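Subject: Structure for you to look at

Hello,

Here is the structure I said I would pass on. Please open it beside this message; my notes come after it.

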Amino acid sequence: MATSTTTHVIFPWLEKYSVGIEQIDAQHQGLVRLINALHAAMIAGQGSQNIGKILDELVHYTEEHFSYEENMLRERNFSRLIGHQLEHKRLTGQVVELREKYRNNSITLTMEVMRFLKDWLANHIMGHDQKYAAELRAQ
C-alpha cells in the first residue's frame, strides 16, 4: 500500500473480520483497501475524476464480491441464502446511490460519508457474513 494511503487509513483490517474462508477474506480486504484509498484521495484533495474512478471500482468490486459469495453459499447450501442475497442487493444499492450522488454533485465526500462506508462493510462482515461462516464451519 502506498505511503499516502497508509497514513490516512480509516478502516484497518482486523482479525475479527476474518470469516475463515481465504478467498472471501481476500475479497473483503480488497474492499477495505478501496475504502481506504477513497479516504486517502479525499484527504489529499485529489480531483473528482480520481475519486470517481475509485467509487466506480468500489461498486464493481462490491458486485463481483457479492456474486462470488452468493455462488459459494449456494454451493454450500447456506440456510439463509435468500435473506443474504437481499442484504447484498440493499448494500449494492447504497453504494451505487452514493456513486450517483457524487457524480451528480449532490453529495461531497466527507468524513461522515467515509464513516458510512466503513460501517457499511464492517457491519455486513460482522453481522451477516459471520453468521454464514459459523454455519459453514458447523457443516
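The notes below start with the chain as a whole and then turn to one residue.

Please keep in mind that this is a predicted model.

Overall fold

The protein chain has 5 helices and 0 strands, so read from the N terminus the order of elements is α-α-α-α-α. Its C-alpha trace spans about 50 × 30 × 20 Å along the principal axes. The radius of gyration is 15 Å, which agrees with the value near 14 Å for a compact globule of 139 residues. Of those 139 residues, 44% are buried. Among contacts with a separation of 6 or more, 75% are between residues 24 or more positions apart. The exposed surface of the protein chain comes to about 7600 Å², and carbon and sulfur atoms supply 51% of that area.

Asp-129

The residue I would point you to is Asp-129, which lies in helix H5, residues 111-138. Is Asp-129 paired with an opposite charge or left without a salt bridge? Asp-129 is buried and has no salt bridge. The nearest side chain of opposite charge is that of Lys-131, 10 Å away, whereas a salt bridge needs the atoms to be within 4 Å.

What the side chain of Asp-129 does have is a polar contact with the side chain of His-84, at 3.2 Å. Leaving aside residues up to four places away in sequence, Asp-129 touches Val-19, His-28, Glu-69, His-84 and His-124. His-84 is thus both a polar partner of Asp-129 and one of the residues it touches.

Regards

Methods
Residues numbered from 1 in each chain as written. Predicted model: local features only at pLDDT ≥ 70, side-chain atom pairs only at ≥ 80, totals over all residues. Heavy atoms only, no water. Helix = DSSP H or I, 4+ residues; strand = E, 2+ residues; numbered from the N terminus. Buried < 20%, exposed > 50% of the residue type's maximum accessible area, 1.4 Å probe, protein only. Lys, Arg positive; Asp, Glu negative; His and termini not counted. Polar contact = N/O pair within 3.5 Å; in protein donor to acceptor, adjacent residues only side chain to side chain. Contact = heavy atoms within 4.5 Å. Rg over C-alpha atoms; globule rule 2.2 N^0.38 Å. Areas by Shrake-Rupley, 256 points an atom, 1.4 Å probe, with all protein chains shown as cover.
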